[in-house]
Amino acid sequence: MLLIKSLGRLIWGNPDNPELFQITSGQLYLVRPHSPKGNRECIFKDCQATVRRTLVSWQYQLVISRVFDEGELNLEEEQGELADEEKVFLIDETLEFRKGQIEGFTTFSWKDLSGEPDDLYEFICDEKITAHTVNTFELTVYHCMYERKYRKSHFQATDQEIQSFIYVPKPAHSSPSISTRNSVHASGSSPDSVLSSTTTPVKEESKQPFISTYQTGKIDLPSSTSKPETLTSVEATLYLFEANASIFLEHAPKVTATLLQGDSYQYWLNISDETTTHISQKLQPNMNPVFSNENWCLIWCHYDEGDIYSWSLRFDSLEKTQSFRAVFARAMFEALNETKFSMIKKEDQDYVIRAYDEDIDMPDAVPEEDSEENGTDESEDDSDRDDINTEPPEDEQHSNSQLAVGYKHDRSFVVKGHNIGVFKHAENDSMEHAASIKNIKTLSGKLFSPKKVMLHQEDSSMILMDGDNEQNLYKMDLEYGKVVEEWKVHDIIPCTNIIPENKFAQMTGEATLVGMSHNSLFRIDPRLNGFKLVDSERKQYVTKTNFSCAATDQQGHIVIGSEKGDIKLYDKLGKSAKTNLPGLGDPIIGVDVTADGKYVVATCRTYLLLVNTELKGDPDHKTGFTKSFAKEMKPKAAKLQLRPEHIKMMNVDVCFTPARFNMGESSKEKTIVTSTGPFVITWSFRRIRQGKYFDYQIKRYIDDVVADNFKYGEDRSIVVALPHDVVITKKTHLHAPTKSYLSPSKGRKSESSIVNSPW
């Protein structure tokens, strides 16, 4: 009961969230035992059940919402045949709400108050819905009934008062069977099964207490020459995520969580009670910490002798949560930067601390009803099976390393050692191997493997970088498949990265491009005699800036990320940055920007940072690219990361590839894509702006993903490079991150899209 009550606080914690709990998949029937038209009518063949708040205190609704297949909603709108999208019922004990089973499927039934006395609505849960979800949903409905009846919080209710809402049928007037199937309607859910249920299968309720059985492993204690300093200490309840049950189990009811400081910017999280030290863990980025103001908790990962564990600290109040978060953020910053937090500006301190907040509001958040859902299109699941008989490639010494997706023509280019594979995007969203460019050489005949490639001048040529020679760039004519020009950028200043002059320059004949070194940014003009670096458009820094990546928007504004984690926004080349956003300490390995420059996504190893660059309240809607932010108006960075409990189920050490927006001159950015290990991951851009940072979709492959990007001009199809394959996967083939899908045995290749690539 203790665990269920604590979970209830998580469900009911945020009064601004209209949805209390949801079952994501099922079917709705209207059962009419005495109707001459038949006793069962399918209302929604695919739907979800939600317990929802109303604008009236103590009043709640049971909402059954139809889920449309891809294109089904648009088709019905065009034909003028749009049916009801949802059924809404006021939650009251007169519904005689009950749980039951039909042929092993869990059902929820309630009276049709507008029909005949024996008419019922029946929601049949999908077989993938866990028993924990079912039981929590049932309990939430009873809580709503209690609040409507007594007009006070259900947290004041006793177990007996909640049990009084469990429906018990009247034995004197039992109705004949309403179905030819073996149907069992709950009379009964027993009090124990409702109030003490877990995700153990419904067939046999577990009577064991909900206590984690984790055995404490090796304790990592601060190696300090003096006694470690205590930065903060707070009492909490410790939970451990149980992957098999998909639930956090109580590990210790009362612990003390302490942040300790050792020598040389080393910090530890120590969790103990009166008898045991449960965890002593050094603060590192792979902890993937997530603070929730709504749920008053911290969730993070702990790596112990090769195993991954997901832990949670539940605090007593919002104040304690925010206080612990502030000290945690400061300690993590100092551990990663080896710099005193007090040395950075006050507005930068606020920026860093807010980045650990799960609940950040985006200024232009779109209404909930306007969002489009990412989800699996089950009708197309047959094209998402394992692929077999892929012919092995000729070059077995190298793996795919780079991916370039064409804008002007439907081609993708994949670098593999000294070779480049050319692939055609076929009409049926598949890939066809079109050609191979073998044995890439300089004009002097030296063989090299490009460390980076960039399509140029209407996809007619490709600019290549040689990792062994950072002073030169090489232009390849894609029609002939040979290097035709060699550009000497500079004899002293290296060129460590190149990007287009603007986001869509690749679609034009634009000759110039932007280059960068570790501490400078400059234009490259291949039409110049001698060195190609344009000295009048170069910005050189004396200090060690450690630039690592860059991107441009449609106007040619430039965003740069660094190994120190900071982000700089430039109006033009040769000038100082208009905006400098501090880093959290993790190196930035990739950046991208929307065409209008309003949003920047920066990729770190274990998380993404999404920054709204638009100046709040500016009448001209200027961005941080063209005008500096006022000290008190620094933007908030939304931190996108995987839930620690999902990382536990994935069993991978997170290392994201550079995240990308979908792009196209006539299309708006809707989705962000990245990958880690064998997983491709997408976030809906609109859902992020609504504050739903953990509403991501996943697809697993057998091999690790090397690189990924959207097809130009759309977000429905994603080009994925695997070590020896090239894939186009549909966005509708990505799944919600459930245990069954994240299991390693579920790694799959898409039958329709894996290319036979013998090049």
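Colleague: Over how many bridges do strands E11 and E12 pair?
Modeller: This is a predicted model, in which local features need a pLDDT (the predictor's confidence in each residue, from 0 to 100) of at least 70 and side-chain atom pairs count only at 80 or more, while totals for chains, interfaces and linings use all residues. Residues are numbered from 1 along each chain as its sequence is written, and side-chain values use heavy atoms, with hydrogens and water left out. Strands (E, at least two residues) and helices (H or I, at least four) are DSSP runs numbered from the N terminus, and two strands pair if DSSP finds at least two bridges between them. E11 and E12 (residues 277-282) form a hairpin with 4 residues between them, and their antiparallel pairing extends over 5 bridges.

Colleague: Which residue of E12 is the bridge partner of Asn-270?
Modeller: Asn-270 is one of the residues of E11, which spans residues 267-272. Its bridge partner in E12 is Ser-280.

Colleague: Which residue of E11 is the bridge partner of Leu-260?
Modeller: Strand E10 (residues 247-261) runs antiparallel to E11 and is joined to it by 6 bridges. The two form a hairpin with 5 residues between them, and Ser-264 in the turn has a positive phi of about 55°. The partner of Leu-260 in E11 is Trp-268.

Colleague: How many of the residues of E11 are buried?
Modeller: In a regular strand the side chains alternate between the two faces of the sheet. Buried means under 20% relative accessible area, exposed over 50% and partly exposed in between, with a 1.4 Å probe and protein chains only. Tyr-267, Leu-269 and Ile-271 are buried on one side of E11, as are Trp-268, Asn-270 and Ser-272 on the other. The count of buried residues in the strand is 6 of 6.

Colleague: Why is helix H3 described as largely enclosed, and how many of its residues are buried?
Modeller: H3 (residues 131-150) reaches 29 Å from its first C-alpha to its last, close to the 28 Å expected from 1.5 Å times one less than its number of residues. After the helix comes Arg-151, with a positive phi near 55°. H3 is largely enclosed by the rest of the structure because its buried residues number 17 of 20.

Colleague: Why does Cys-125 form no bond with the closest cysteine sulfur, and in which residue is that sulfur?
Modeller: A disulfide is a pair of cysteine sulfur atoms within 2.5 Å, and the structure holds 0 of them. Cys-125 counts as buried, at 2% relative accessibility. Its sulfur is too far for a bond, because 9.5 Å separates it from the closest cysteine sulfur, which is in Cys-47.

Colleague: What is the average twist from one strand to the next in the sheet E40-E41-E42?
Modeller: This is an open sheet of 3 strands with antiparallel pairing. Its edge strands, E40 (707-710) and E42 (726-730), each pair on one side only. Angles run from 0 to 180 degrees between N-to-C directions, with axes as lines fitted to C-alpha atoms, for helices over the stretch in contact; the average twist is 25°.

Colleague: How many contacts beyond near neighbours in sequence does the model have over residues 366-383?
Modeller: The protein averages a pLDDT of 82, and 80% of the residues score at least 70. Over residues 366-383, however, the pLDDT is below 50. With contact meaning heavy atoms within 4.5 Å, the number for this stretch is 44.
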